[in-house]
Amino acid sequence: MAYICFEDTFRESMMDAFALARIQFAANISFHILFPTITIALCWFLLFFKIRFHLTGNDSWLDAYRFWVKVFALTFALGVVSGITMSFQFGTNWPGFMETVGNIAGPLLAYEVLTAFFLEATFLGIMLFGSNRVPPLMHTLATALVAAGTTLSAFWIIALNSWMHTPQGFEMIDGQAHVTDWSMVIFNPSMPYRLTHMLIASGLTAAFLIAGLSAYRLLRNDRSTGLNRALKSSVAIAALLIPIQIFVGDLHGLNTLEHQPAKIAAMEGIWDTEKGAPLLLFAIPDEENRENHYEVGIPALASLILTHQLDGEIAGINSFAENRPPVAPLFFGFRIMVGIGLLMLIISFTAVWQLYRRAELNKWTLRALVAMTFSGWIATLAGWYVTEIGRQPWLVQGVLTTRDAVSGVPATTVAGSLAMYLSLYALLLVAYVTTLFYMARRAGSNSTAPPVTTNPHNLPVPAQG
Amino acid sequence: MQYINALVSDHQLPVIFLGLLGISMLVYAILDGYDLGIGMLMLNKSEADRDRMIASIGPFWDANETWLVLGVGILLVAFPMAHGLVLGTLYTPVALMLAGLILRGVSFDFRAKARVGHKKFWDTLFIAGSMLASTTQGYMLGKYIVGFESGLVAELFCVISAACVASAYLLMGACWLILKTIGHMQVMAIKNARSALALTALGLVLVSIVNPLASPTIYNKWFKWPEALYLLPLPLLCAILIVCLFITLRQLPKHQDRHCGRPFAMAVGIFVLAFSGLAYSFYPYIVPDTLTIWQAASAPESLRVVLLGCVVVLPAIFIYTALSYWIFRGKSTELTYY
């Protein structure tokens with residue numbers, strides 16, 4: 001029944017298979033990125049906890065590790081299964097992508113699977129379940145290999161994504177891209193910026209997740225020994241990363257201005273080319289009349305940021321004719337990302353200051369951290385929407401349009417699979433978030449019981465059976 | 001790079017990649033086969049038994065599933081034309097299979113971490129997901145064999161194929177449990193393995209009858225002299241293995257748990273033989289009777305780059321996969337996170 005209703009709604013709103021396929025891809029990749037964004041950095045946090053335990057012999061580090069490795073396992077599983085969906089999407093919905101640029105995308109994806117996926121998947125088993133079957137150092141090595149695998153995976157996929165924004169190192173023969181220089185393909189102009197920006201985004205997402213859940217447990221009077229370790233490490237890392245992220249984000253923006261000026265114009269909401277363009281804090285872009293309503297801006301600041309000159313010229317959206325992205329999603333997406341970044345800056349600096357002065361956080365800071373638990377998700381999604389929608393109408397900038405890549409699968413079929421994915425993702429997202437908070441509460445209830453005797457040097461316990 | 005250029009001609013590249021594709025799909029079917037099978041076997045088990053069954057696949061399932069990603073990746077990389085054609089045609093079963101894989105992958109973790117009262121719910125999703133993934137894979141195999149034809153007879157065959165693959169996975173799962181467990185669980189697994197083997201054997205016979213009828217190319221390969229001679233060892237060996245497995249299953253469990261690994265090894269043998277039969281029948285087509293591997297292959301320079309990666313990395317993958325299985329050798333113990 002739901003299926004039929006869905007069909008009708010879409011027929012009425014004249015949504016075509018193309019729009020549905022785009023929504024489906026956006027839904028899949030948005031859902032997917034939530035989990036790697038956490039695991040890429042969380043695994044390095046785990047490695048840090050583990051190494052601190054080895055060095056200090058202090059059980060509190062192990063306590064922190066034990067809680068967060070469970071979160072890691074759950075998050076990783078969600079990332080794996082949603083990632084499998086991605087690898088099928090190219091063929092089911094976007095065959096034109098592989099037919100045109102398969103010679104480039106194929107090897108990059110293959111290297112991701114070969115060098116990263118197997119590494120992380122195999123050693124994950126040892127990391128999660130092997131602690132009493134392998135020596136302690138081997139177990140730490142497994143943790144390190146999983147961390148390396150997740151980061152390597154990010155490297156390959158960002159290389160491919162960046163190539164789609166700033167393609168080079170290839171020639172077109174009979175409508176197909178053929179590689180002329182692999183190092184130019186991999187290290188394309190936007191790749192270093194995008195990779196750094198994404199890895200730091202992951203660091204911030206994981207840091208605020210750790211800080212948020214730890215603060216939640218502290219507010220519930222949980223006194224587990226690992227709590228303060230995790231809280232202090234994550235807040236310190238957040239305060240360290242956020243200024244770097246703002247700096248790297250600025251560099252990334254300048255790089256985009258050079259290669260995809262239309263994207264910048266849309267992000268800044270600048271319709272006509274102007275000198276001394278203001279930085280708009282708020283506005284409602286109007287695509288039809290090509291103007292903004294309710295503008296609030298700081299004069300000349302956009303020009304200053306982007307050209308480092310007060311009267312620097314910035315090309316407006318109108319100068320890009322038809323090949324330009326929609327304005328509103330970029331304009332708002334960018335402001336959401338930056339806004340959350342600033343909140344992260346304020347809260348992490350406040351928290352570090354309080355920890356430095358009083359060695360503990362007051363209630364309001366703890367509450368703010370709880371509120372920020374998933375702030376990294378929102379900022380990461382907003383940022384990705386800006387960069388991906390900002391590439392439209394291109395799928396590969398200047399090479400292949402998104403419309404030319406779509407498959408001939410009928411709209412009703414896509415609507416069916418989309419409905420299935422959306423309901424599945426909604427269920428899993430709710431389950432994930434509630435389970436995380438449930439685990440946090442349960443971990444607290446355990447800590448009131450007498451402390452479990454631990455094995456200080458993590459000597460292997462003989463396996464049973 | 002130069003070595004690969006010198007060793008492999010452009011014409012050979014697609015053949016090599018077909019081989020790699022075959023290996024990854026076969027390894028996938030064997031490895032994920034046993035954990036999907038265990039997922040289905042959990043249907044009418046108690047909670048304690050379910051925990052034990054989950055424990056036997058805990059450290060492995062993630063890497064097992066990666067072989068599917070590799071297989072699809074190779075199809076995508078090496079034969080982009082076929083990738084679009086096959087996955088576009090199989091749109092709905094692929095989507096359902098993915099839903100199944102998602103459900104079971106996450107339920108595996110949720111069941112251990114969610115509220116106690118919710119464990120049953122996640123178990124149900126885990127079992128349902130395993131069934132959905134197994135049957136849709138079988139259905140797609142059937143579609144592939146009949147050359148993506150639709151129509152009542154073709155659909156009926158696909159349904160039979162779905163049941164056949166599901167029972168083959170059940171067989172793998174049961175044999176894995178015989179290897180990894182002991183006591184009443186093992187006895188139960190032996191019983192399960194017997195019925196699954198009977199179903200699998202029946203399915204193999206049915207597929208073997210329909211296969212040549214569905215495709216004249218395959219008919220010629222199977223029944224024309226002397227090609228028939230090359231094929232003959234496969235069904236013969238397969239039949240012998242099935243009989244041996246029946247006998248072994250009758251004798252188990254033995255004193256001191258001897259030979260508990262034999263059923264699994266034999267089941268793997270049956271998989272390898274059945275797979276080789278299929279591969280032999282379809283070669284050199286990647287899409288039956290439509291697209292050969294040379295027509296579907298991507299540019300040689302890209303294939304060489306990937307081949308280099310495969311030559312270097314695949315042995316490493318095999319080594320650390322073996323390491324993982326060695327670390328977790330023996331009867332499975334309770335799953336405890338660090």
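Reader: Where does A:F332 lie?
Author: A:F332 sits in helix α11 of chain A. Keep in mind that this is a predicted model.

Reader: Is that Phe buried, exposed or partly exposed?
Author: A:F332 has a relative accessible area of 31%, so it counts as partly exposed. Buried would need under 20%, and exposed over 50%.

Reader: Which nonpolar surface patch does A:F332 belong to?
Author: One on chain A made of A:L281, A:F282, A:I284, A:Y294, A:V296, A:I298, A:F332, A:I336 and A:I378. Together these residues have about 820 Å² of accessible area.

Reader: Which elements give two or more residues to it?
Author: Strands β4 (279-286) and β5 (291-298) do, and so does α11 (328-358), all in chain A.

Reader: Next, A:A379. Which helix is that in?
Author: A:A379 is in helix α13 of chain A, which covers residues 375-389.

Reader: Buried or exposed?
Author: A:A379 is buried, because its relative accessible area is 12% and the cut-off for buried is under 20%.

Reader: What is A:A379 in contact with, apart from its neighbours within four places in sequence?
Author: A:M337 and A:I340. There is also a distance to A:G341: that residue is 38 residues away along the chain, and the two C-alpha atoms are separated by 7.3 Å.

Reader: How confident is the predictor about chain A?
Author: The mean pLDDT of chain A is 85, with 92% of its residues at 70 or more.

Reader: Which elements of chain A have the lowest and the highest mean pLDDT?
Author: Helix α1 (residues 2-12) of chain A has the lowest, at 46, and helix α7 (residues 191-219) of chain A has the highest, at 95.

Reader: And where does the pLDDT of chain A drop below 50?
Author: One such stretch is residues 1-14 of chain A, which has 10 contacts in the model beyond near neighbours in sequence. Another is residues 447-465 of chain A, where the pLDDT is also below 50 and the corresponding number of contacts is 22.

Reader: Switching to chain B. What is the pLDDT there?
Author: Chain B averages 85, and 97% of the residues score at least 70. Among its elements, helix α1 (residues 2-7) of chain B has the lowest mean, 64, while helix α7 (residues 119-145) of chain B has the highest, 91.

Reader: How many helices and strands in chain B?
Author: Chain B has 15 helices and 2 strands.

Reader: What is the radius of gyration of chain B, and how does that sit with a compact globule?
Author: Chain B has 21 Å, and a compact globule of 338 residues would be near 20 Å, so the two agree. Along the principal axes, the C-alpha atoms of chain B fill a box of roughly 55 × 40 × 40 Å.

Reader: How much of chain B is buried?
Author: Buried residues are 57% of the 338 in chain B. The accessible surface of the chain is about 13,800 Å², and 72% of that belongs to carbon and sulfur atoms.

Reader: What share of chain B contacts with a separation of 6 or more is between residues 24 or more positions apart?
Author: 79% of them.

Reader: Last one, B:A29. Where is it, and what is it in contact with?
Author: B:A29 is in helix α2 (residues 13-41) of chain B. Outside its neighbours within four places in sequence, B:A29 is in contact with B:Y169 and B:F271.

Reader: Buried or exposed?
Author: B:A29 is buried, because its relative accessibility is 15%. As for B:G58, that residue is 29 residues from B:A29 in sequence and 18 Å away in space, C-alpha to C-alpha.

Note on methods. Residues numbered from 1 in each chain as written. Chains lettered and ligands numbered in written order. Predicted model: local features only at pLDDT ≥ 70, side-chain atom pairs only at ≥ 80, totals over all residues. Heavy atoms only, no water. Patch = residues over 30% accessible without salt bridge, like charges linked within 9 Å, V, L, I, M, F, W, Y side chains within 5 Å. Areas by Shrake-Rupley, 256 points an atom, 1.4 Å probe, with all protein chains shown as cover. Salt bridge = Lys/Arg side-chain N within 4 Å of Asp/Glu carboxyl O. Helix = DSSP H or I, 4+ residues; strand = E, 2+ residues; numbered from the N terminus. Buried < 20%, exposed > 50% of the residue type's maximum accessible area, 1.4 Å probe, protein only. Rg over C-alpha atoms; globule rule 2.2 N^0.38 Å. Contact = heavy atoms within 4.5 Å. pLDDT = per-residue confidence, 0-100.
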